[in-house]
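Subject: Structure handover

Hello,

Here is the structure for your files. My notes on it follow below.

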Amino acid sequence: MLRDLSHYEQVKVANQSKLLRVLCQKPATRSELARLTGLSPATVTNLTKELIAQGLVQESRTLESVGGRPPVLLEFNSMAGKVIGVRISRTRVQAALVNLGADALAWSEELLPDHSPEAVLQAALAVVGRLCVRNRVNLEELVGVGVAVPGIVQEASGTVRLSTFLNWREVPLGSLLQEALGVPVLVQRNGNASALAECYLSGEGTVTDLLYVHLGDGIGAGLVLDGRIYSGRTGRAGEIGHNIVDPHGPPCLCGNRGCLEALVSGNALAKQGQQLAASGKSPYLQAAAQESPLTAGHLIAAALQGDAAAGELLVNAGQYIGKAVAGIVNLLDMDEVVLGGDLLEAGEILLDSLERSFYSALLPFRVPEVRLRVSTIGPKAGVLGAATVVIQHFLSKGGRY
Ligand SMILES: [Zn+2]
């Protein structure tokens, strides 16, 4: 804990963290590190010596001399520690063992018999245990375990305050897991974890401000501002699903009317598909409804087969989403929006209208600067993001816990 350290140690940890952040991006010589961090060459030499002794940094190769002693390139040693990222959804627990560069070394998954806290806890322990045994990693060797959940989280305690998806209230998931595993556990909201993964791991270049929007059964978002997750004062930042986009729209579970969630979430689209089938306007959905209860997946399949009424619902959904997302970007002045979630299976039918409405609602002078893209990491973003939360925390403490 940083607060237990003396002032001198706190400064040292902060400086080591600066060095590690630079080296995580790319290898650098000691003099480059001094220039990039603003630390004195002597401080860099001392601190990198310790980081090398810890195994977190290694000398990679010697560069050609430009007069004087040839400079040595230092690099971050991503194999110096391992982390497990876990993502909890309503039906399963997925996990990955990763190195400190968040490269996945192995994956594991456990289906949930139900989504009670007991069942989730047991499944999470099972996947973590399995990953350790199969990859010959002792639990105590782990830097930590990161967990992404669909709900509002009190980050300091790891308590899930509310998850309507899992039907949880005040579940102390972090402390229960930490007690059972004996390693640090950090819990984060799934949208935030995914945003962090998209920010650091997408291979799409470095951005520091990013909005991740999840378009699935529910509509959620995660924010990374200045390279860090922004959760808000009570952990509720990112509730884009409850932006009211049509005051006369259908009622939402939150008590309001016409929220994005009530109009365009997978659950809302499934309902609209059912109405369409009942009205006889969509032959495809009418036929599908005879077989099984209609889902958003059926609606998307109908639209992809050329069903005009189903396609229109998705075009409308894209317009609502685009406008709501533009409002957030206008407010926060960010550069990148990443879309993820099952509704994207609708492809261009949804994306074209979403993109058009997004850029038309953006402040005109921001249009050329803001990038809207589909996630390149896909469904794995939650797991890798959960692990990245732990890695970032570890690095921010100068490689300690
Ligand atoms: Zn609502």
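Which residues does Val 147 touch, not counting residues up to four places away in sequence? Val 86, Ile 88, Ala 124, Leu 173, Leu 177, Val 185, Val 187 and Ala 386 are its contacts on that count. Please keep in mind throughout that this is a predicted model.

Val 147 belongs to the largest nonpolar core, a set of 118 residues. It is listed there among the residues with the most contacts inside the core, together with Ile 84, Val 86, Val 128, Val 145, Ala 310 and Ala 387. The element that gives the most to this core is helix α11 (residues 308-332), which supplies 11 residues.

Overall build

The protein has 13 helices and 16 strands. Its radius of gyration is 23 Å, close to the 21 Å that the globule rule gives for 401 residues, so the protein is as compact as a globular protein of that length. Along the principal axes, the C-alpha atoms fill a box of roughly 80 × 50 × 35 Å. Buried residues make up 44% of the 401. Of the contacts with a separation of 6 or more, 60% are between residues 24 or more positions apart.

The chain is divided into three parts: domain 1 covers 2-79, domain 2 covers 81-198 + 381-396, and domain 3 covers 206-375. Between the C-alpha centres of domain 1 and domain 3 the distance is 44 Å.

The sheet around β12

One open sheet has 5 strands in the order β14-β13-β12-β15-β16, and its pairing is mixed. At the edges are β14 (228-229) and β16 (371-374), each with a single partner strand, so one side of each has no neighbour in the sheet.

Strand β12 (residues 210-215) is mostly covered, with 6 of its 6 residues buried. In a regular strand, side chains alternate between the two faces of the sheet. Here both faces are covered: Leu 210, Tyr 212 and His 214 are buried on one side, and Leu 211, Val 213 and Leu 215 are buried on the other.

How does β12 run relative to its two partners, parallel or antiparallel? With β13 (residues 219-225) the arrangement is antiparallel, and 6 bridges join the two strands. Val 213 stands opposite Ala 221 in this pair, while Leu 215 has Ile 219 as its bridge partner. The connection from β12 to β13 is a hairpin through 3 residues. With β15 (residues 336-340) the arrangement is parallel, and 5 bridges join the strands. In that pair, Leu 211 stands opposite Val 337.

Helix α9

Which residues of helix α9 (residues 283-291) are buried? They are Tyr 284, Leu 285 and Ala 288. Seen down the axis of α9, these buried residues fall within an arc of 85°, so they line one face of the helix. An α-helix has 3.6 residues a turn, so residues three or four places apart point the same way. On the face of α9 turned away from the buried side are the exposed residues Pro 283, Ala 287 and Gln 290. The cover over the buried residues of α9 includes α8 (266-279), α10 (296-304) and α11. Helix α11 is also the one that gives the most to the largest nonpolar core.

Regards

Conventions: Residues numbered from 1 in each chain as written. Predicted model: local features only at pLDDT ≥ 70, side-chain atom pairs only at ≥ 80, totals over all residues. Core = buried A, V, L, I, M, F, W, Y, C linked by C-beta atoms within 7 Å. Buried ≥ 20, exposed ≤ 12 C-beta atoms within 10 Å, placed from the backbone. Helix = DSSP H or I, 4+ residues; strand = E, 2+ residues; numbered from the N terminus. Contact = placed C-beta atoms within 7 Å. Pairing = 2+ DSSP bridges. Rg over C-alpha atoms; globule rule 2.2 N^0.38 Å. Arc of directions from axis to C-beta. Domains from an automatic or database assignment.
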